[in-house]
Amino acid sequence: MNKIIAGFILPIWYRLCCLCRIKKHILFVVIRGDKLPSDFAMTKKYIKKDDELKEYKRVYHYFTLGKGTKLKYAGRCFSLMPKLARAKYVFVSDGSNIITNLKLRKGTKLIQTWHGCGALKKFGCDIDESKRIFGNEDIVTVSSEQVVPVYSKAMGLEQDKIKAVGVPHTDIYFSDGFKKHCQELKEDVLAGRSKRIVLYAPTFRGDISTPKDASGLNLDIMYKHLNQEYIVISKLHPLLKPVKKNYRHKDFYYDVSSVWTIEEALMVCDILITDYSSVIFDYSLLNKPALFYAFDLAEYEKNIGFYLDYKSQIPGTVCTSTMDVIKEIKNGCYDVSKMKKFKEDYMSACDGEATHRLMEAVKAL
């Protein structure tokens, strides 16, 4: 977005839109993608049942970054301003320089349901202090008290705005209906086979504006050694396109990136293979084993960095080759106690009641 438009023209347009009165509107701003994030879905469900909040009109705005022309994106930015000006509560689940450049009117409250739990890889000001994508938030939800200082520094916000109430989307892991749904998904994939499911869920590499694929596992080697007892599913980062659609062993590998949510994939699998993705925090709630395929650890640590000591604190074995991964899967050497400690440290506020606590805090603003 042109600096003149983002830093000057849009703020003027917003102030003009503020000539109207604030209404009983709850605005959900989707920064990336064309689907409602899981945190918003849980929040929306709660609002519909809450005696006070169900009277509010729910409004949605999709930036759908990465799609369409720059002109269309600019149009979406301009169309956001009147929605922002009228809303009492505004929910976002990512950073936005467009919203950060505004001086939000008195009476509008901005709630950041940050899409990741815990604090693994560095983000925000800890990567680039010059890029301001936070600043107007009244509440930021986090998964434990331990990460409050991290988010405060990375977002450039006072610690009292960082609330360890839990992260709304994690409530779904405690739902009996969701557990039953995922069991049905698992049965469909297995199709009567007595096999275990391995989920590969890596994060992307490079800058968020030009994300690069890092799905480096050799599926042919995995098929050779594991196909009798396992099948592999992959759930890539939302910024990445599905890969290996034409993989020849179609009864062994399934890419569920476009058909399952990450919550479904984590519930269905028996073993997780990831790298530097924050999915490990969600996964720790499920008390299942994980492996970490970190073939480019030195490079990633140099370019991005971590909030913890990766090799000693990550709750599973760190592997650097496909054969290492295979050996660990076959050996079944998983440290359950380390995963339990990881959950206690980073996910203590995620107990199935996060959405309730968040919305009570919102109403108290």
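Colleague: In which helix is F8 found?
Modeller: This is a predicted model, in which local features need pLDDT of at least 70, side-chain atom pairs count only at pLDDT 80 or more, and totals for chains, interfaces and linings use all residues. Residues are numbered from 1 along each chain as its sequence is written, and side-chain values use heavy atoms, with hydrogens and water left out. F8 belongs to the stretch of residues 3-17 (a DSSP run of H or I, at least four residues, numbered from the N terminus), and this stretch is helix α1.

Colleague: Is F8 buried or exposed?
Modeller: The relative accessible area of F8 is 52%. Since buried means under 20%, exposed over 50% and partly exposed in between, with a 1.4 Å probe and protein chains only, F8 is therefore exposed.

Colleague: How far apart in space are F8 and N101, C-alpha to C-alpha?
Modeller: Along the sequence, 93 residues separate F8 from N101. In space, however, their C-alpha to C-alpha distance is 8.6 Å.

Colleague: Are helices α7 and α12 roughly parallel or roughly antiparallel?
Modeller: The axes of α7 (residues 219-226) and α12 (residues 322-331) come within 10 Å and cross at roughly 25°. Angles under 35 degrees count as roughly parallel and over 145 as roughly antiparallel, with 65 to 115 roughly perpendicular and the rest oblique. The two helices, α7 and α12, are therefore roughly parallel.

Colleague: Which residues of α7 make the contact with α12?
Modeller: Contact means heavy atoms within 4.5 Å. On the α12 side, T322, M323, I326, I329 and K330 take part. On the α7 side, the residues are I221, M222, H225 and L226.

How values were computed:
Axes are lines fitted to C-alpha atoms, for helices over the stretch in contact, and angles run from 0 to 180 degrees between N-to-C directions.
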